[in-house]
Protein chains: 4
Amino acid sequence: MSFQNPVFIPGPTNIPESLRKACDMPTIDHRSPLFGQILHPVRANIQKVLKSKTAEVFIFPSTGTGGWETALTNTLSAGDKVLAARNGMFSHKWIDMCQRHKLGVTIVETPWGDGLPAERYAEILAADTNHQIKAVLATHNETATGVKSDIAAVRKALDDAKHPALLFVDGVSSIGSMDFRFDDWGVDIAVTGSQKGFMLPAGLAIVGFSPKAMAAIAKATLPRTFFDVRDMSKGYDANAYPYTPAVGLLNGLKASTDMLLDEGLDNVFARHTRIANGVRAAISAWGMDLCATSPDVYSDTVSAIKTPDGFNASDIVDLAATKYGVAFGTGLGEVAGKVFRIGHLGSLTDVMALSGIATAEMCMADLGLPITLGSGVAAAQETYRTTA
Amino acid sequence: MSFQNPVFIPGPTNIPESLRKACDMPTIDHRSPLFGQILHPVRANIQKVLKSKTAEVFIFPSTGTGGWETALTNTLSAGDKVLAARNGMFSHKWIDMCQRHKLGVTIVETPWGDGLPAERYAEILAADTNHQIKAVLATHNETATGVKSDIAAVRKALDDAKHPALLFVDGVSSIGSMDFRFDDWGVDIAVTGSQKGFMLPAGLAIVGFSPKAMAAIAKATLPRTFFDVRDMSKGYDANAYPYTPAVGLLNGLKASTDMLLDEGLDNVFARHTRIANGVRAAISAWGMDLCATSPDVYSDTVSAIKTPDGFNASDIVDLAATKYGVAFGTGLGEVAGKVFRIGHLGSLTDVMALSGIATAEMCMADLGLPITLGSGVAAAQETYRTTA
Amino acid sequence: MSFQNPVFIPGPTNIPESLRKACDMPTIDHRSPLFGQILHPVRANIQKVLKSKTAEVFIFPSTGTGGWETALTNTLSAGDKVLAARNGMFSHKWIDMCQRHKLGVTIVETPWGDGLPAERYAEILAADTNHQIKAVLATHNETATGVKSDIAAVRKALDDAKHPALLFVDGVSSIGSMDFRFDDWGVDIAVTGSQKGFMLPAGLAIVGFSPKAMAAIAKATLPRTFFDVRDMSKGYDANAYPYTPAVGLLNGLKASTDMLLDEGLDNVFARHTRIANGVRAAISAWGMDLCATSPDVYSDTVSAIKTPDGFNASDIVDLAATKYGVAFGTGLGEVAGKVFRIGHLGSLTDVMALSGIATAEMCMADLGLPITLGSGVAAAQETYRTTA
Amino acid sequence: MSFQNPVFIPGPTNIPESLRKACDMPTIDHRSPLFGQILHPVRANIQKVLKSKTAEVFIFPSTGTGGWETALTNTLSAGDKVLAARNGMFSHKWIDMCQRHKLGVTIVETPWGDGLPAERYAEILAADTNHQIKAVLATHNETATGVKSDIAAVRKALDDAKHPALLFVDGVSSIGSMDFRFDDWGVDIAVTGSQKGFMLPAGLAIVGFSPKAMAAIAKATLPRTFFDVRDMSKGYDANAYPYTPAVGLLNGLKASTDMLLDEGLDNVFARHTRIANGVRAAISAWGMDLCATSPDVYSDTVSAIKTPDGFNASDIVDLAATKYGVAFGTGLGEVAGKVFRIGHLGSLTDVMALSGIATAEMCMADLGLPITLGSGVAAAQETYRTTA
C-alpha cells in the first residue's frame, strides 16, 4: 500500500494531515474530565454544522448505518408505518432496515438518477388523514447516483398536509460538504458519519435529534441498547459514555469541525461546488452524461458517470486501481456496471481533482472509449483557474 | 493532556508505538482487494487468539457492548429464556440488555467479589428439563471487581445436565491477556473489544460464533441490521463489509494479533500473571484486601482494592488524576467508593507497573491512609526482580 | 499549511507514509546495541545503493553541503590544488567552499545547461604532469539546470592521463534515483543527502570513501572535528557515534534503502526515467525548451524549463504557490528568472506528476504564456499510459 | 524496540507526544514564505530561552559538537589562545577540538566532580596582560559528572581582569532546563542542541552570538563553510538557509520553545529542581554519593552516582537495559566504571522518575550492592508528594 495518490471514492475521504494527528492519540481515562473537554465541544460543533440551535447530538462508535438504526429504534415501534422513496442504493438499504425491524414501509419507487419525489410524498401524506405514517425517510444525497434531493420540499409536503410524522434525513454524504439546514428544514433526525465531509476514518455514527424526536423516545418500543440515546444522554451529563468511547476519533471530530467552522460553512460548501464544477466540466468535455438527470439534482460531493451501453463501467474502476493506483467508485445496485463514480468531497484541492480527472481519461482511453486525452483536464483547468 | 505517564485503568490500555502507527493509516478503498489483505488475516488471527479452529469471527465498528448485542440479537427471539449470574457491573449490564430485548432472564445474584456460581448454574440447568433456557451468559473476567470465573465449570454444568443452551462468554477484559479456550470450553459466542488485551483504541466489537451459534441464527427473530452477522458474513466473502469498515483499527488489530501470536499466547498470559503478581504483592504489603474473595478468582488483568470503611476509595482515583496525572479506575455499582482499581493488562512492563504502585502509595499517604511509602513498591520489586 | 498537494521541488521530496513513520521514532539509548541494529544495516545498504563493494560509508547529522566539507577536509590540505568545472549553482558552491578552505581551484567555466566537459578535464590532467591536482570535483547531476554529467568520462580522463588525483562526485540529486556506479566509475568520494532520492527529511550527509580516499586521510591537514571521519569510524566500531546521532532519520534511511533495494535499483532508475519522460513530453508539447542543451544530459530527477525572453520564470513558481498551493523550483544563479524547475524524483507516481504538469499549465496560462490547457497533460498521459 | 519505558539517559530525552507530531511534518518548500513562518518565531523564542535581548541565534542541521565548531571557527584564527578547564568528558572534547583547529589551549586541569575553577581563570586572565587569550571556554553543566558551574563567576573573573576575551559557554545539557542568563552573564557564544532540554530528536545545533561575538567574525580566519554564520545570516534575511534546513525539527523546536515559554522558564527550572531533588533524596537514602562534590554544583539535569570501589558501575547500566529495558548513562572518561548516571531532564514527571529510581534499586540489588528495595523510592516519594 503506497498511499501516494489521493482517493476519489465518495468516502472515506482523504484525511488531512492535521486530522490524522488529532485521531492518533494516546490513551486517556474516558471517565475523567479530560474526556469532557473533547466530548462537549464536539457536540456543540456538530450542532453548528447542522445549522441547528436545538438538535441533541449523539455520537456512537459505529457508522452511518448505525445512525439509521439509532433513528428508527429510538423513535418507532414494530408495526409503525414509514414513508420512503427508493432512488438509489442507500435509500434502498434504509428501507430494508425498516422492514427488518417490522416497520410498514410505503415505498415510492423512483428512477435512480432522480431526486426524491416531494410531490408524491405530498399526495401520500395528504391521503394519510389518520396519521398512520410515523416517519418520513429522506436521503439528502444519494451516494450511489450522485443525486441531491430537496429536503425543504419534503418538509413542505409534511407541512402542507399538516402531517405530524417525523422527518428523518440521511445526510451521510452531504453534511459538512453541502448545505444542510436542520432547523430551517424541520429535520427531526439527521444522520451522518465521520468518514465523508468530516474527513476522518470511519467509526462514528453522528445523529442529531430535534426536540420532537426526543419526545418520541419514550413511546418507542423497538428494542435497542447499544444505540439507545437515553443511555448516551445520561452518560454525556457525566462527561462519559455508556461504554467505551472512541476517544481518538472524537478528538479528530473536534479538530475536523473546528476546521470546517473556521473556514466557514458557506466557504466549505462553495469550495465543494467549485471542485464539483471542474469535474462536471470534464465529464461534459468527454461528451458523457451524469446519472443525475438534471442540474438541480447534481451532487457536489460525488458524480456518477454513465458509460456507453455494452461497456462495463466497473472496468474503469478496476483498471484505475491496478494500473494507476487510483480508487474510484463502482456503480451499485441498479446502476452496477452502468456508471463509475468520482468522489469529490472532503479534503480535495483543484490540483488533486485534476489528477483524478487525468487518471479517468487514461483509463477510458486504455479501455477503448472515444476520449481525447487532456480534454476533460483542460475543461476542468479552465474552471479552476478562472475561479481560484 | 501531557500523555507522559502510563494509564492504569482496566482499559482502554496503553497503546504500543507500533500499534499507534498501524492504526494511523491513510484512506484506502475498502471495496478493493487491498482491504481483504487486512480483513482475512485479522479474522484468522483472532481465531488463534480464541484457541478455536472453527469459530466464525465477526468484527464490528462498535464496542464490547455491541458485541453482546450481536450475540443476543443474532441467536435469540423475544421471550426466550437466558440464565445469567450477576456478580459485578458488567454482568449486570448484560442482564439489563437481555431485559431490554424482552428476554426472560433467570438471574443468580452472586456476591460482588465471587466468581460465577457454576454449581447454581448446574442446579438450574438440571431443573430446566424441557430446555426453555436458550442461552447461558458468563462473564469470564469481571472488570468491575477483578474477578475471573471458571468457564470450564460452566460448560461442565451444561454438559452434566445434557443441556443444549448456548454458552455466551464476555471475554472483554480477558481475551488476549488471560487464557481463553473457545473450543475446549465449548463456548458458543465469545465477545471482546479492541481496547483491552489487544492494546488498541476502542472502536471494534470482536465476536466469535461456534457452528452451533451459527446454526441458531436462522431461527432468531430479534430485529437487527447493524449487528446482523449474516450481512457481515456475506460481505466478508467479497473482501468487504455491509457498511464502511474501520480500516485503520482493523489494520491495528492485524498488527496487534500478529504481535501476540509472535510472542506466543502462553508467554503473553505468563507476562500478565507476573505483572499482576507484583501488584498483588504490593497490595498485600499495604495490608489491604482485594475485592476478589479468593486467590482462585484473582484476575490477572485488573485488581480491585478495598479501602477501609468510611474512606471514599474514589478519592484516590481523583487525587491520582489531579495531583500526579495518573489514571486508576473507580469502583462501579455496588462497590462504588469501596474499591479502587489498578488495571494491569496490555502493554505494561514491570517498570511501568512500579510507577503505578508508587503513585497509589503517594495518594493513599496523602489521603491519610496508614501506608508506608515504598512498602508496596519493595514487595513488587522483589517479585519482579526474581522473576524477570 | 495544508499539505494536500505533492511538492515538485527537486528536493526535499515527498516523504512516503512508511518513511514518515520510520523517522518518527521515540528516544532510544544511542550508546546501546539497539542503535547498532540501525546503524550497520544502513551503512551496508548505502554501499549497495552506491554499487560499491568497498566504499566506507559515513553518515553525519548534516546536509549535502556538510558532505562536501567532509570530502575536502578529510583528504586535502590548505594549498592543495583541485580541478572543477562550473556549470551550475551547486558546482559553483562547491568551488566556493574549496576557496574558503584555501584550496587552489582550477575552474573550467562551462555553459549552464552543458554537462561537465570531460575533454577539458582530460587536457588539464594530461598537462598536470607533476600531479599537483590532488582532487577532481564532479557534480553528477546539476540540480540547478537539470543536467546530468558523464562521470565515467571524467574517470576516463583521469585514467588516460594516468593521473592519481582523487575523484569526488556530488551525487546529491542523483544517488538513489539515477544510475550511480561508485566502483565502476572509480569514484573516490561520493556525497549525497537524505532529502532527495532517499525521500526523507533533510538532516543527513551521506558520504562514501574509496580505499584510496581513506588512505588520503592521514596526510590531510585541513582542520575538522565534526566532519572528521576518523572519529566517526572509531565510533561505528562501538555501535556508536562521536556525538549524538539523528537516530530517527537513520532509522528512516534504513527503511528507505530497504525500500529501494527491494524494488531493485534498476527498477527505481527506470521508474524515474518514465516519470521524467512524461514531464519532458509535456514540455515539448508546450513548445518549450529545457535548460539542458541535449538529450544525453537530460536529468531524470529535475527539469529546468526555459521561459521566453522578457518573462520572469519565477512568477510561475510564485503563482503556483499562492494560487494553487503547489511548489516548483525557481531558477538559481545565472539562470534565475530564466527557468523554472519541476522536480520529478523520489516518491512520485505518474498520477502525481500529471497534477504538477496540469498546475504548471494553469500558471502559464494565467500569466499570459501561449499555452494550450491540457496539451502537456495529454502528452504526458500518452507517455504514461503506454508505459505503465 | 518496545519503547514502553521512559529513558533516563542525560539526552536525548523523552520526546513529548506533541513534539513528536510537530517534527513529523510533510515536505514543504523551504525556499517559500511558509518556511519563514517557522524559522523566525523559532529564533525569537530561542533568544527568550537564552534570556537575551540581543543574541543572534543560528540553528544548524548538526549537533552540539557542531555548535562548538561554529563558535570556534567563526571567531578565531589558527594560533589564537583560549583558556579552558577540563573537569569532565565534554570540556575535554571541546579542548580537543580547539587543538585540532590549531588553537593554543591553556588547560586548567580540574577534578572531575568539581565545578569550573573561576578563581584559577581569574588568576590566569589577570596574568594575561597583553590579552593573548581570545576566548574563555566554560561548560555550564558537565553531563559526564552531573556538575553545574558558576558562569557568573567566570564572567566576573573576566570583568575583574578587564579582559576582552570572548566567553563561550557550552549549555548543551542546561539550556531549557536550568537557569541560563546570556545577557546577565555576558555570554558571547552559547551552544546547545535540540535533544536535551528542548526534548527533541538530535539534529540541531543551536548557538547564540553576542554583538561582540558577531564583531569577531570578520577577523576570524579558521576555514568554515557549513558552519559559517555569515551565510546563515544572509539566508535568514530571505526566509531561507544556505542549504536545505531540517524543517520538521525546526517546527519541533518552535513547538518546544512555545511549550517552555508558555509554562514559564522559571517554572520549567523549578520543575527540574523538584524532579532532581527526588532523585537525590533516593541516592541519599541508598547511602551513596554523587560524583558532584558539593551541593552548590549539583546538576538539576543529570546525577552521576558513585558506586563502591571494585564494583563496575556500568554493570548497572547494562543490566537495566537487558533485564528491565531501561536506559541509564554509563560513566565516561575518567569516571568510566566508577559512576552511573540518571538523566532527569526534559519531559519527565515525578511518576516517571520513580520508575527509574525503582529500576536502579532492582539492578543494584541484583548485582549484590547493599540496597534496601524501596528505600530510594520512599525518599523520592516523600519529596514528590510534599512538593507537588
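Two strands are said to pair if DSSP finds at least two bridges between them. The structure described here is a predicted model, and the pairing of strands in its chains C and D is a main topic of this report.

**The sheet of chain C**

In chain C, seven strands make up an open sheet of mixed pairing, ordered β1-β9-β8-β7-β4-β2-β3. Strands β1 (56-61) and β3 of chain C lie at the edges with a single partner strand each, so one side of each has no neighbour in the sheet. On average, and with direction ignored, neighbouring strands of this sheet are turned by 20° against each other.

Strand β2(C) pairs in the parallel sense with strand β4 (residues 133-139) of chain C over four bridges. Within this pairing, Ala84(C) stands opposite Leu137(C) in β4(C). Two helices pack on the sheet. Helix α2 (residues 33-49) of chain C touches β1 and β9 (204-209) of chain C, and its direction makes about 120° with that of β1(C). Helix α3(C) touches β1, β4, β7 (166-170), β8 (189-193) and β9 of chain C, and the direction of α3(C) makes about 155° with that of β8(C).

Strand β2 (residues 81-86) of chain C is also joined to strand β3 (residues 104-109) of chain C, by six bridges, and these two strands run parallel. Here Val82(C) faces Val105(C) in β3(C) as its opposite residue. Together with helix α4 (residues 89-100) of chain C, β2(C) and β3(C) form a right-handed β-α-β unit.

**The sheet of chain D**

Chain D has an open sheet of seven strands in the order β1-β9-β8-β7-β4-β2-β3, with mixed pairing. Its edge strands are β1 (56-61) and β3 (104-109) of chain D, each of which pairs on one side only. The twist from one strand to the next averages 20°. Five bridges connect strand β4 (residues 133-139) of chain D with strand β7 (residues 166-170) of chain D, and the two run parallel. Ala135(D) has Leu166(D) in β7(D) as its bridge partner.

**Domains of chain A**

The UniProt record, an unreviewed entry, lists residues 30-331 of chain A as "domain: Aminotransferase class V". Over residues 30-331, chain A is 41% helix and 17% strand, and the end C-alpha atoms are 41 Å apart.

Chain A is divided into domain 1 (17-262) and domain 2 (265-387). The C-alpha centres of these two domains of chain A lie 28 Å apart. Their contact takes 24 residues from domain 1 of chain A and 24 residues from domain 2 of chain A. On the domain 1 side of this contact, α4 (89-100) and β6 (147-148) of chain A are the elements that give two or more residues.

**Contacts between chains**

In chain B, 45 residues are in contact with 45 residues of chain A. The elements α3 (64-75), α4 (89-100) and α9 (247-263) of chain B each supply at least two residues of the side that touches chain A. Of the elements of chain B, α3(B) gives the most to that side, with four residues.

Likewise, 45 residues of chain C are in contact with 45 residues of chain D. The elements giving two or more residues to the side of chain C that touches chain D are α3 (64-75), α4 and α9 (247-263) of chain C. The largest share of that side, four residues, comes from α3(C).

The table lists the residue classes of three contact sides.

| Contact side | Nonpolar | Polar | Charged |
|---|---|---|---|
| Domain 1 of chain A, touching domain 2 of chain A | eight residues | 12 residues | four residues |
| Chain B, touching chain A | 23 residues | 16 residues | six residues |
| Chain C, touching chain D | 23 residues | 16 residues | six residues |

Key
Residues are numbered from 1 along each chain as its sequence is written. Chains are lettered from A and ligands numbered from 1 in the order in which they are written. This is a predicted model: local features need pLDDT of at least 70, side-chain atom pairs count only at pLDDT 80 or more; totals for chains, interfaces and linings use all residues. UniProt positions are given in the numbering used here, feature names are shortened, and annotations may be inferred rather than shown by experiment. Axes are lines fitted to C-alpha atoms, for helices over the stretch in contact, and angles run from 0 to 180 degrees between N-to-C directions. A crossover is right-handed if, with the strands pointing away from the viewer, the path from the first strand over the helix to the second runs clockwise. Domain bounds come from an automatic or database domain assignment. Two residues are in contact if their C-beta atoms, placed from the backbone, lie within 7 Å. Ala, Val, Leu, Ile, Met, Phe, Trp, Tyr, Cys and Pro count as nonpolar, Asp, Glu, Lys and Arg as charged, and the others, Gly among them, as polar.
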